[in-house]
Amino acid sequence: MTVTLLGKGSNGVVSIFTGDDDLPFGDPLNHLDRIKFHSSLAYPKVIRTETRNHVFDSYATSLMGTFTKTYDLFAHGRPGQPWVLASATIGGNKVAFAGSLPVQMGFSGSTQTQWARWVTIGADATHVRAFEYVVKNNNTSMPAITIPLTVWVTDELL
Amino acid sequence: MTFTASSGRIVATDANGDVKLDTDEGLFHVITSLPAVAKDIAVLNTSTAYTDLTTEYDIGACHSSCTHVVGAVRFSGSGAWGVAFDRWTTYLGGTLVWAMTAPGLTSQTSGDIYAHVHTYCGYRFFVRNGRVVMERRLVMPSNPPGVWLAIKAHTITCKLKAGRFT
């Protein structure tokens with residue numbers, strides 16, 4: 001398959017595309033299946049990577065119900081609200097934060113689970129934060145958990 | 001930076017030898033940046049019947065070639081429910097759990113998860129025919145005697161982008 005790199009100084013457009021004609025260069029949206037890169041489209045780029053072991057709090061036995069908590073991870077320093085990506089190392093495996101990530105679940109030895117914790121991650125105008133949602137009954141305490149996190153801050157502002 | 005073009009393939013590497021662009025790999029192209037939109041979700045009370053709903057909300061138009069939705073969403077409203085209440089949460093696919101409650105949550109016994117999780121509300125986003133869609137999945141039990149439950153009213157603000165890999 002032919003791959004073409006074409007750039008025009010007159011309009012500042014650069015593109016890499018496949019095929020035997022230049023149609024994707026001038027009309028990328030109608031030839032997206034042939035586009036490898038086009039300067040008129042956006043490509044999120046990771047501009048900062050942060051790693052840390054974050055401690056998610058314990059819950060006392062007496063607590064029962066659903067609980068939410070916010071943890072500030074770091075100030076991102078971007079001039080707006082960036083799109084951030086992240087992964088958590090759970091059971092030795094790196095798992096992407098795609099939707100709500102179940103990170104902890106416990107049994108008391110009976111037939112029913114006593115608690116569970118989900119975590120999501122996000123950024124506002126100033127900070128990257130992690131959020132947890134805990135569901136718990138009052139049969140047992142829920143221990144804290146330390147989770148290695150990797151956060152990638154992209155140049156994409158929302 | 002090294003740039004090579006041969007055999008129908010273009011590869012650019014940086015000074016450390018890390019590949020920065022390889023046309024044999026698929027890049028994610030962000031094609032449509034949707035305007036921010038807020039969806040108000042009304043309170044939903046339990047009734048005498050079991051509640052089992054799948055509800056779709058239109059978020060906006062995107063290019064018809066888009067296949068993936070990314071971005072961030074923010075849940076707000078009455079009551080501190082959900083994983084990311086009143087905070088921005090990254091969306092990279094998957095399902096965001098807004099509420100999940102149960103007497104025992106889950107069970108070790110095979111199949112009992114369906115019996116013990118009595119309330120669940122989650123959201124996910126997808127692209128269909130050039131539209132970005134938010135789907136709510138909601139399950140609640142019927143009213144126990146003298147008790148009723150509700151998924152409280154809430155608002156979901158979306159800042160989403162649609163794109164595709166090629």
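This is a short tour of a two-chain predicted model, moving from chain A through a pocket to chain B.

**Stop 1: chain A as a whole**

Select chain A and colour it by secondary structure. You should find one helix and 11 strands. Following the chain from its start, the order is β-β-α-β-β-β-β-β-β-β-β-β. Now turn the chain to view it along its principal axes: its C-alpha atoms fill a box of roughly 70 × 35 × 25 Å. The radius of gyration of chain A is 23 Å, while a compact globule of 158 residues would come out near 15 Å. Of those 158 residues, 46% are buried. Contacts are worth a look too: taking those in chain A between residues at least 6 apart in sequence, 58% link residues at least 24 apart.

**Stop 2: strand β6 of chain A**

Next, select residues 82-90 of chain A, which form strand β6. Seven of these nine residues are buried, so the rest of the structure largely encloses the strand.

Which strand pairs with β6(A) over six bridges? Add residues 145-157 of chain A to the selection: this is β11(A), and the pairing is antiparallel. To see the register, pick A:Ala86 and look across to A:Val151 in β11(A), which stands opposite.

Then show residues 93-96 of chain A, strand β7. β7(A) also runs antiparallel to β6(A), with four bridges joining them. Click on A:Thr89 and you can trace its bridge to A:Lys94 in β7(A). These two strands form a hairpin with two residues between them, and there A:Gly91 takes a positive phi near 60°.

**Stop 3: the largest pocket**

Keep β6(A) visible and bring in chain B. Where is the centre of the largest pocket? Select A:Tyr43, A:Pro44, A:Lys45, B:Leu27 and B:Phe28; among the 24 lining residues, these lie nearest the centre. The pocket holds about 550 Å³ of space.

To fill in the walls, show β6 of chain A along with three strands of chain B: β3 (19-22), β8 (68-77) and β11 (119-128). Each of these strands gives at least two residues to the lining. Colour the lining by residue type and you get 17 nonpolar, five polar and two charged residues.

**Stop 4: chain B and its strand β10**

Now hide chain A. Chain B has one helix and 14 strands, and 50% of its 166 residues are buried. For contacts in chain B between residues at least 6 apart in sequence, 64% join residues at least 24 apart.

Select residues 96-101 of chain B, strand β10. Is this strand mostly covered or mostly open? It is mostly covered, with six of its six residues buried. β10(B) pairs with β11(B) in the antiparallel sense, over five bridges. One pair to highlight is B:Met100 with B:Tyr120, its bridge partner in β11(B). You have already met β11 of chain B as a contributor to the pocket lining.

**Last stop: B:Asn129**

Carry on past β11(B) into the loop that leads to β12 (131-140) of chain B, and pick B:Asn129. Check its backbone: phi is near 50°, a positive value in a residue that is not glycine. Most residues other than glycine have a negative phi. Is B:Asn129 buried or exposed? Its relative accessibility is 72%, over the 50% cut-off, so B:Asn129 counts as exposed.

Notes. Residues are numbered from 1 along each chain as its sequence is written. Chains are lettered from A and ligands numbered from 1 in the order in which they are written. This is a predicted model: local features need pLDDT of at least 70, side-chain atom pairs count only at pLDDT 80 or more; totals for chains, interfaces and linings use all residues. Side-chain values use heavy atoms; hydrogens and water are left out. Buried means under 20% relative accessible area, exposed over 50%, partly exposed in between (1.4 Å probe, protein chains only). Two strands pair if DSSP finds at least two bridges between them. On a 1 Å grid over the protein atoms alone, a cavity is a set of points where a 1.4 Å probe fits but cannot get out, and a pocket is an open set with protein on both sides within 12 Å along at least five of seven lines; lining residues have an atom within 4 Å of a point. Grid points are joined across faces, edges and corners, and a volume is the space filled by probe spheres set on the points. Ala, Val, Leu, Ile, Met, Phe, Trp, Tyr, Cys and Pro count as nonpolar, Asp, Glu, Lys and Arg as charged, and the others, Gly among them, as polar. The radius of gyration is taken over C-alpha atoms; the globule rule is 2.2 Å times the number of residues to the power 0.38. Contact means heavy atoms within 4.5 Å.
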